[in-house]
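Visitor: I am new to this structure and would like to take a close look at one part of it, with the surroundings explained step by step.

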Amino acid sequence: MTRPVVSVVIPCYGYATVLEGCVESVLAKEGVDVRVLILDDCSPDETPAVARRLAASDGRVEYRRNERNLGLIATANRGLEWADGDYVVLLSADDLLTPGSLQRATGVMESNARVGMVYGRPLLAYAGRPLPSPAGRWRTTDVWRGADWIRRRCRTGHNCISSPEVVVRTSVHRQVGGYDPACTHASDLNLWLRIAAVSDIAYIRGVPQAIYRIHPGSMLRNQGGPLADLNERRAAFDSFFERCAASLADADRLRAMAGRALARQALWRASRAVDRDLVDGPDRLPVDEMIAFAFSVYPDAARLREWRGLQVRRALGAGRSRWFVPFVVTGAGHRLALHGGRLRWRLRGI
């Protein structure tokens, strides 16, 4: 029997010190044949020397360097065009795959032709701390119809995937195209939605699939504040609906659902800024801009309870609402819901 072939695309810029560990985490995989494709986006460090050494020492590793710096999205799309295996993974050079991850993910898709993307829980590695040790047992696999997965994303307005834990069927990647450069930081969310529009989505429970590093230079820590994050996610949803609305049974309802979720988040963040008296001064948060965002993405935002709560907070005065018992209870409830959402994400990935 032939084994699944997985192309692992590794875009790299300035990660020479961690590139070897990333590649080793891929080459150690069992049950699949891997092809490692390193794309160097004109790194200013020793990346070329490290990558060439890795390619010379193992025939499964190949290396290319851009003639000029193109940025992450264009470099990633070049790598996806380069990939020719049955399945493809986009793995940042500072991230790692966990033991057995590719075999588990490809096994799910080998046994279910409708599944086009498999992901799992990532372990988070924080700068200055030891790498987490993967542990756990593969308990089960959840499979969602693509339409149901899209509906959940629209209901929450959030991305539930870091990126390195994702394995995609290459034919599905070819069908939907690569990352949308107009979405920048939320281009991955946009891509997952497009994949779900043409295939089912699966989640591996119980065992982590990747290690995702969080440090000052990582994309997760380079969002530009709450309003930038909201605008990025809005752009991801807008681009998705522009491209895929015709193939969705209830596109208008889903678009309104996503807008409502983003508006609620914007108004809640504005409310917390008023609670903490962050409406003026050097540490101010863009309250008026977040309100404008909420109404632009969801014109009926005045009907939301977050809008009514914000109005009362502003009437009480910045910093005073934190002593108002109903708002203390509301804040506690919101934090409980947030923790509940994180627990659900750890258990079910959605």
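To begin with one residue, is Thr-106 buried or exposed in this model?

Guide: Thr-106 is buried, with a relative accessible area of 2%, where buried means under 20% relative accessible area and exposed over 50%, with partly exposed in between, for a 1.4 Å probe and protein chains only. Please keep in mind that this is a predicted model, in which local features need pLDDT of at least 70, side-chain atom pairs count only at pLDDT 80 or more, and totals for chains, interfaces and linings use all residues. Residues are numbered from 1 along each chain as its sequence is written, and side-chain values use heavy atoms, with hydrogens and water left out.

Thr-106 has its place in helix 4, which covers residues 101-111; helices (H or I, at least four residues) and strands (E, at least two) are DSSP runs numbered from the N terminus. Apart from neighbours within four places in sequence, Thr-106 is in contact (heavy atoms within 4.5 Å) with Pro-4, Val-6, Val-32 and Tyr-87.

Helix 4 itself lies across strand 1, strand 2, strand 4, strand 6 (115-120), strand 8, strand 9 (167-169) and strand 10 (200-204), and it runs at about 150 degrees to strand 6. For such angles, axes are lines fitted to C-alpha atoms, for helices over the stretch in contact, and the values run from 0 to 180 degrees between N-to-C directions.

These strands belong to an open sheet of eight, with the order 3-2-1-4-9-6-10-8 and mixed pairing, where two strands pair if DSSP finds at least two bridges between them. Strand 3 (61-65) and strand 8 (141-144) stand at the edges with a single partner strand each, so one side of each is left without a neighbour in the sheet. From one strand to the next, the twist averages 20 degrees.

At the strand 3 edge, strand 2 (residues 33-40) pairs with strand 3 in the parallel sense over five bridges, and Leu-39 stands opposite Arg-64 in strand 3. Helix 3 (residues 72-82) also lies across this part of the sheet, covering strand 1 (5-12), strand 2, strand 3 and strand 4 (87-90), and it runs at about 145 degrees to strand 2.

There is also an open sheet of three strands, in the order 5-11-7 and with mixed pairing, whose edge strands, strand 5 (96-97) and strand 7 (122-126), each pair on one side only. Strand 5 pairs with strand 11 (residues 210-214) in the antiparallel sense over two bridges, and Leu-97 stands opposite Ala-210 in strand 11.
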